[in-house]
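Me: I am new to this model and would like a close look at one part of it, the part where contacts are made. Please explain each term as you use it.

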There are 2 protein chains.
Amino acid sequence: MAKREEKRRALREALVDAAWNRIASEGLAGLNARDLTRDAGCALGGIYTAFRDLDDLVMHANARTLALLGDTLETAVAGRRGGAALHALAEAYMGFALTRRRLWNALFEHPPPPDDTAPDWFVAGHVELLRFVVQALRELPLDEPEDALEARARSYFAAVHGIVSISIHSKFVGLSQDRLAAELTSFVRVLTAGIAAEAAGRTADPQASRA
Amino acid sequence: MAKREEKRRALREALVDAAWNRIASEGLAGLNARDLTRDAGCALGGIYTAFRDLDDLVMHANARTLALLGDTLETAVAGRRGGAALHALAEAYMGFALTRRRLWNALFEHPPPPDDTAPDWFVAGHVELLRFVVQALRELPLDEPEDALEARARSYFAAVHGIVSISIHSKFVGLSQDRLAAELTSFVRVLTAGIAAEAAGRTADPQASRA
DNA sequence: TTGATAATTGAACATCGTTCATTTTTCGGA
DNA sequence: TCCGAAAAATGAACGATGTTCAATTATCAA
């Protein structure tokens, strides 16, 4: 019986659970080491035997949120293709941000590590999300190589994120939920129309630059 | 001679100067009350006679950044109209984010006040920026009332911000500067093409819904 | 069972933003 | 010009924070 590893994993899980729940209920700001360890049922120093530091622990909690977001997007996009898939993804992303607001916020509020690079396993979670967008773009008339398609997917994902993000943070000028949904619909519609128009332009005038 | 007000204004200005400079050189994370007051040449408690608290002071420093960003965008957009203006705005926004990265970051890293509402004078600064986008959109074939145009402007601004933001924070998957610029160009081009295509659709089929 | 090794603990530490009693400065009226 | 009041400036002290570390406890291989 490998009691060592088992306890270690149990402690890590308890801490991530506690952190995730506290972020969900109080937000990232209402998270401190003492309440956390009390929730998890370990000593204050326990954090540092299980994780590098508190930021590392928060990253793992965020990874759980990222996975949940992935499931949400996967469900939303199921059976849809192309533009319909993009619409479904945008709406689902908005829905997730609104219903799981504090968890979603923590994904971006949390300060990046000093060297500004995230662990590979965290980046991978984000790439996973982009795959849905890449697949949808593949079903549109986009004459681009694979890597350019991934860059496009990143951009469109980031664009939708930006729209949702600035709207939800009324820190700047926010929109109501209905208006936000309408804006997202309009946005995706314009985007797909633009893609179709450029594709039509290419077939009509094959010599035109594709810069 | 109103020495009181004069000293008060001087102190406030010295503190905002110090905060702004520290944010510019060290980032928002490298900002603490003690270094700040030493830079500004006042006592630790001085912050709280001049401002409500440190967050309030940071907001004022951010307002200065916002004004600088406004000037940058205004210069970039000067003499350009419609799609060209949008391209210029996106490029200028990217340039600002890259060259004034820490100041620009502070605009969004800084946690919003608990009630999630920013002071009016701060919101006004953001609305100011949107005016450039609204004006550019007015010069495109967008059959929308004024308030819808403003919502569109917010969305497109937010979209560009999202693209730039996620790209710069390599926390997720970042792009090189050249690729980012190319992505922005492509994005604005698709957007304007989409707007034009929808306008063409309207004139060809005036009964179509505009939902 | 035992010695070595790893994990756990929580008091102590350094640092942070903020407060407040004290001191200094400012100002209108005598 | 002087004086009492009121405002502002000061910096030691406070409470809360994340992190460390010497002491304690638990685990494992022989």
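Reply: In chain A, take the contacts (C-beta atoms, placed from the backbone, within 7 Å) between residues at least 6 apart in sequence: 62% of them join residues at least 24 apart. This is a predicted model, in which local features need pLDDT of at least 70 and side-chain atom pairs count only at pLDDT 80 or more, while totals for chains, interfaces and linings use all residues. Residues are numbered from 1 along each chain as its sequence is written, and chains are lettered from A and ligands numbered from 1 in the order in which they are written.

Chain A has 9 helices and 0 strands (DSSP runs numbered from the N terminus, H or I of at least four residues for helices and E of at least two for strands). Its pattern along the sequence is therefore one helix after another, α-α-α-α-α-α-α-α-α. The C-alpha trace of chain A spans about 70 × 40 × 35 Å along its principal axes. Of the 211 residues in chain A, 36% are buried (20 or more other C-beta atoms within 10 Å of the residue's own, all placed from the backbone).

Now the place where the protein chains meet. Chain B is superposed on chain A by a rotation of 180° with 0.0 Å of shift along the axis, at an RMSD of 0.0 Å (least squares on C-alpha atoms of residues with pLDDT of at least 70 in both copies). The two copies are thus related as by a two-fold rotation axis. Chain B gives 36 residues to the contact and chain A gives 36. On the chain B side, at least two residues each come from α7 (120–138), α8 (146–168) and α9 (177–204). The largest share on that side is the 11 residues of α9(B). By class, the side of chain B that touches chain A holds 21 nonpolar, 9 polar and 6 charged residues (Ala, Val, Leu, Ile, Met, Phe, Trp, Tyr, Cys and Pro are nonpolar, Asp, Glu, Lys and Arg charged, the others, Gly among them, polar). Of the interface residues of chain B, 100% are also interface residues in chain A, so the copies meet through the same surface.

Helix α8(B) also has a partner within chain B. It packs with α5(B), residues 82–99, at an angle of about 35° and with the axes 10 Å apart (axes are lines fitted to C-alpha atoms over the stretch in contact, and angles run from 0 to 180 degrees between N-to-C directions). From α5(B), B:Ala90, B:Tyr93, B:Met94 and B:Ala97 meet B:Val160, B:Val164 and B:Ile168 of α8(B). This contact has 7 nonpolar, no polar and no charged residues.

Both chains also contribute to the surfaces near the DNA. Around DNA strand D there are 24 residues (near means a C-beta atom, placed from the backbone, within 6 Å), the closest being A:Lys3, A:Asn32, A:Leu54, B:Ala43 and B:Gly45. Chain A supplies two or more residues from each of α1 (3–26), α2 (33–40) and α4 (54–77), and chain B does so from α1 (3–26) and α3 (46–50). The largest share near DNA strand D, 4 residues, is from α1(B). DNA strand C is surrounded by 24 residues, with A:Ala43, A:Gly45, B:Lys3, B:Asn32 and B:Leu54 the closest. Here α1(A) gives the largest share, 4 residues. The surface near DNA strand C divides into 10 nonpolar, 5 polar and 9 charged residues.

Notes. Two residues are in contact if their C-beta atoms, placed from the backbone, lie within 7 Å. A residue is buried if 20 or more other C-beta atoms lie within 10 Å of its own, exposed if 12 or fewer, and partly exposed in between; C-beta atoms are placed from the backbone.
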